[in-house]
Amino acid sequence: MKRLLDYFSRLGSKYNLSFSSQEVLMNCIIGLDGVQRKLLVLNGINSGALTEHVIDLNQVSNCSVKKQYGHIHVNGLKQRKLEQYLENMTLHFKFMVEKQPADIQFFKQAENNISELSDLENKAEKWKVILSKMLPVSLKKSA
């Protein structure tokens with residue numbers, strides 16, 4: 001893990017980023033440069049196939065927590081709680097320009113234990129609030 005964090009720090013230097021906040025998740029590390037309004041994402045820390053990308057918050061129109069649930073059978077919620085059907089939870093970014101949305105995975109049923117869900121959901125919500133405050137203010141329509 002120390003080597004990964006050192007590598008992440010070197011990546012930050014490569015992109016001239018200075019992190020004010022960082023988060024280590026199951027399969028990625030994210031770091032926020034609040035001054036430059038950029039988010040560095042290093043994916044694949046468990047698979048060994050590392051990929052990095054920078055999200056420029058000046059290009060983001062919306063940041064939200066997105067949850068994907070599996071198929072719920074009729075009366076299924078009488079036997080299991082809704083969160084037990086959760087398959088994925090991501091921090092989802094929509095961009096102003098014609099660019100594919102980006103996701104940062106916080107929970108994946110195949111990799112995380114359901115007992116981690118509450119903590120990961122709190123982290124995702126915290127990041128959503130922080131990043132949403134940094135998004136460009138849209139022009140308000142005049143009445």
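Is N16 buried or exposed? N16 is exposed, with a relative accessible area of 59%. In these terms, buried means under 20% relative accessible area, exposed means over 50%, and partly exposed lies in between, with a 1.4 Å probe and protein chains only.

Before I continue, a word on the source. This is a predicted model, in which local features need pLDDT of at least 70 and side-chain atom pairs count only at pLDDT 80 or more, while totals for chains, interfaces and linings use all residues. Residues are numbered from 1 along each chain as its sequence is written, and side-chain values use heavy atoms, with hydrogens and water left out.

Let me begin with the chain as a whole. It contains 3 helices and 7 strands; helices (H or I, at least four residues) and strands (E, at least two) are DSSP runs, numbered from the N terminus. Starting at the N terminus, the order of elements is α-β-β-β-β-β-α-β-β-α. Along the principal axes, the C-alpha atoms fill a box of roughly 55 × 50 × 25 Å. Of the 143 residues, 33% count as buried. The chain exposes about 9,100 Å², and carbon and sulfur atoms supply 49% of that area; accessible areas come from the Shrake-Rupley method with a 1.4 Å probe, and for residues only the protein chains shown count as cover. Among contacts in the chain with a separation of 6 or more, 44% are between residues 24 or more positions apart, where contact means heavy atoms within 4.5 Å.

I turn now to the helix α1. Its 13 residues should span 18 Å at 1.5 Å a residue, and its end C-alpha atoms are indeed 18 Å apart, which agrees. The expected span is 1.5 Å times one less than the number of residues. Which residues of α1 are buried? They are L4, F8, L11 and G12. Seen down the axis of α1, the buried residues fall within an arc of 100 degrees, so they line one face of the helix; the arc is that of the directions from the helix axis to the C-beta atoms. This buried set packs against β1, β2, β3 and β4, the last of these being residues 51-56. On the other side of α1, K2, R3, R10 and K14 are exposed.

After α1 comes N16, with a positive phi near 55 degrees, although N16 is not a glycine. N16 sits in the loop between α1 (2-14) and β1 (21-24). A second residue of this kind is R37, which has a positive phi of about 60 degrees and is not a glycine either. R37 belongs to the loop between β2 (28-33) and β3 (38-43). At 25% relative accessibility, R37 counts as partly exposed.

Next, the cysteines. How many disulfides does the structure hold? The structure holds 0 disulfides, a disulfide here being a pair of cysteine sulfur atoms within 2.5 Å. In chemical terms, a disulfide is a covalent bond between the sulfur atoms of two cysteines. For C28, the closest cysteine sulfur is that of C63, 13 Å away, which is too far for a bond. C28 is buried at 1% relative accessibility, and C63 is buried at 4%.

C63 lies in strand β5, residues 60-69. Leaving aside neighbours within four places in sequence, C63 is in contact with L91, H92, F93, K128, L131, S132 and L135. By comparison with α1, the C-alpha atoms of C63 and G12 are separated by 22 Å, with their positions 51 residues apart along the chain.

Finally, two asparagines. N88 is found in strand β6, residues 86-95, and is buried, with a relative accessible area of 17%. What joins the side chains of N88 and Q105? A polar contact of 2.7 Å does. A polar contact is a pair of N or O atoms within 3.5 Å; within protein, one must be able to donate a hydrogen and the other to accept it, and residues adjacent in sequence count only if both atoms are side-chain atoms. Beyond four places in sequence, N88 touches K66, K67, Q68, Q105, F107 and K108.

N112 is in the loop between β7 (102-108) and α3 (117-134). N112 counts as buried at 10% relative accessibility. Residues up to four places away in sequence aside, N112 touches M26, F106, F107 and L120.
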